[in-house]
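Trainee: Could we go through this one together? I'd like to see how the labels get decided.

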Amino acid sequence: LLTFLEIDTALPYLGFPAVSVLRACFAKYKELDRVAETMEKLRNNDQWRRHIDQAGLEYWQPTFVDLVNIFVAKSQFYSVWKKHFKCAQKYLDMVEWLNDDPNGLSNEDLWGEEALSFSFTDLSRWLDRKEATKGKKKEVVSSSKQSGSKENSGEKNKKKKKEKSSEEAEAFSQIIESNFGPNISLATVLILLFTLTDNADLLNLHFRQQHPVYSRENNIQISGWIIGLTKALKHRLGNKTSTLFSDDDDEASLSAKDKTNCIATKLDEMAVGLDLTPYNEDNAYTGKLLSISLEEIQPVHVICPSSFVCGTAACKPRSLVQDTRNRDIPLVTLIKDHKIYKNVPVLTGKCPECNTSYSADHERFLHNFYGTKQPKRVYLNSAKYLKIGSNLWADRAFSGSAINAMYSFHASASAYSDYWNNTYGTASLNVGRAHVWQAFVQDSLRTIASESNIDLELDDPLNITEVTTQAYAILGEAGIIRAADQHSCAECTQEYKKSSDAVFQDPAAVVGVDENHAVPPLAENVQENCQRSASPMSEDSLDDTDMMNIDKKFVKMVVLDGIVMGPTHCAIDNCANSLSNSRGGSLCGYHLQEYGSRCLVRDCTNIRVDNTCACQTHQGEWRKYTKYRVRQTQSGVWKKTSRFIVDTYHYINHRVTDYLCRKYCNPSPGDGSAPNLVIIAYDDTGRAYAQKAFNTQVCEQLNAWLGGFETILKRMTPGNFNWFLHTMLFYHTKYVIAKQK
């Protein structure tokens, strides 16, 4: 592609120290900008087709983004390169410097300092200074003429504002002191204040009843509206309610109703004192009281490390220093409690002893690997905020809701991003699918790592697909769900019993399903031919050495079933194209045409037999491939102490004619032959009844739930597939165990 576009093939590798970072990026940007129009018309370009054919390659239709990715990530190109260079091209002296023009300005003259290299951060500040200078030139003349007269008036305004603020603070203090007890805390005062400011509609209803207008309207000073608010406030404060009463109220002598009325009166007077009423001092209606915005008193948020000392084992617990230069502190967007906060600074700490870098969601250090320094990243399980985009952070409530939505609703990252944008989003922030997937991965790997009592440590840097692949290799534990480790409960484990508590006459009946249903007996000769010496669970078949040397023996049910889903592609080596027929096909459209009716056994060119995928010579392999094979188990104690049964749904379909199935596979036989599969339970009236000891259909139920993720999983890469499925099963296990408690 580079050759066709006449782009130097060495250009993508151009960079520091051979040339300044900015100059290298600008050289690449110019070439990309030059060929942008050509890339748009490449689809109908016959020269491109001939170029591909001459190279002996399969036809490829690249997009402009494909070309950009050769040089830099597309997000970096559009959000950084294009944004800055497009503005920089307005200034001739900057263009000359970027082109390394010998007639251009020097570093000192242009940047005001000498440096080996300049970054986009430096360019951004340079552009800001240029834009600010433009505005100042227009204002400098008029402002100099008016500066003298404004100075005195400005000082007077400041003095008036200060006096007014002091008066308002004193008035508020007077309202609190005159209405409430001397021991009221600041927290309680703030609860009272925000309770009133956040219930403007209720105050409108309350004060309207104090100002009757029409006949048969009564003047009610303490309305049911303010009483309802008071009761809610008392419930919120609990034992702190007593601090609302002053010494003059004599709380001890008041009844419960009188206490409520007393507090309601105080709230009424506080609302009037704060002018939270639609009526003025002359009882004239001034307009409906509107909701009061708290935007002006929103707290300032700063994202910083949670550690305050160095935690490196080989280092002293030294205090951390702020490692980001003031001019380089990034200002990002933060999603907290599903609210959006702009221009939130992100601070990074550093240990001056071991140089470990501390961020809000990770730590970074250099690992000595056979003499080389390998950067490592530790994903902190205790992180409150997670970085989910280049300039976007989110709290664990956001990432947790994304995981719960995917778990509960089988929602994809794209679906959840649409939901969040429609519910909480604004015109200034659009959360994308990649942001949601990043939040899912970052939160889930910390949750699963926390279950294993480790902080995940990976190479740095890694893209998100590499993160999921390496995280699964460490935390996947070959499919073990750590949340269920050592789990045991009455639904999966029962104490061993030698004899059954319930015996029915029907040997094929299923307890709890149809124990009263008559099943015809098998012919006598069939029974004789199929007899076995003893049931696998019979204690008579066990030697003393086979039994567990414990006081109590337990029977544990393990239910097995399978479900097939995931990303599928062409079976030909090194071909990842989609299948031409997703229902049983094994080849993509291209290779289906290439192989046509040929035998699909490797290296065979014979014609296949109809309705098979193999030739006559390889029909044996084809039958072997399609035949269901049962894996033979090893003999020994496990075989003697284990029993294969069939779940209820499948068993009742063929138990009538199959003696072996009836004898050995009944999930809860009523004839007493398998005492550990039947238990006695009691209903609400205390009446005893026989019940299956285990839920044999648990896999069917689990697979039905897993099937909801099929459309999501089949579009994933193997690394993302493994991690997503492992995460969903981890959370499912935790939720199921939590419900049991």
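Mentor: Sure, let's take some labels one by one, keeping in mind that this is a predicted model.

Trainee: Why is Asp-122 called buried?

Mentor: Its relative accessible area is 12%. Buried means under 20%, so Asp-122 gets that label.

Trainee: And what makes Glu-114 exposed?

Mentor: Exposed means over 50%, and Glu-114 has a relative accessible area of 54%, so the label fits. Glu-114 sits in the loop between helix H7 and helix H8. Together with Glu-108, Asp-109 and Glu-113, Glu-114 gathers in a patch of negative charge on the surface.

Trainee: How do you know that Arg-125 and Asp-122 form a salt bridge?

Mentor: The N to O distance between their side chains is 2.6 Å. The cut-off is within 4 Å, so the pair counts. Both belong to helix H8, three residues apart, which is about one helical turn.

Trainee: What makes the pair Arg-125 and Asp-328 a salt bridge?

Mentor: The closest N and O atoms are 3.2 Å apart, and the limit is 4 Å, so that one passes too. Arg-125 lies in helix H8 and Asp-328 in the loop between strands S1 and S2, so the pair ties together parts 203 residues apart in sequence. Asp-122, Arg-125, Arg-325 and Asp-328 are linked in a network of salt bridges.

Trainee: Last one: why do strands S8 and S9 count as paired?

Mentor: Pairing takes at least two bridges. Four bridges join S8 to S9, so they qualify. The two strands run antiparallel and form a hairpin with two residues between them.

Key. Residues numbered from 1 in each chain as written. Predicted model: local features only at pLDDT ≥ 70, side-chain atom pairs only at ≥ 80, totals over all residues. Heavy atoms only, no water. Patch = residues over 30% accessible without salt bridge, like charges linked within 9 Å, V, L, I, M, F, W, Y side chains within 5 Å. Areas by Shrake-Rupley, 256 points an atom, 1.4 Å probe, with all protein chains shown as cover. Lys, Arg positive; Asp, Glu negative; His and termini not counted. Charge placed at Lys NZ, Arg CZ, Asp CG, Glu CD. Buried < 20%, exposed > 50% of the residue type's maximum accessible area, 1.4 Å probe, protein only.
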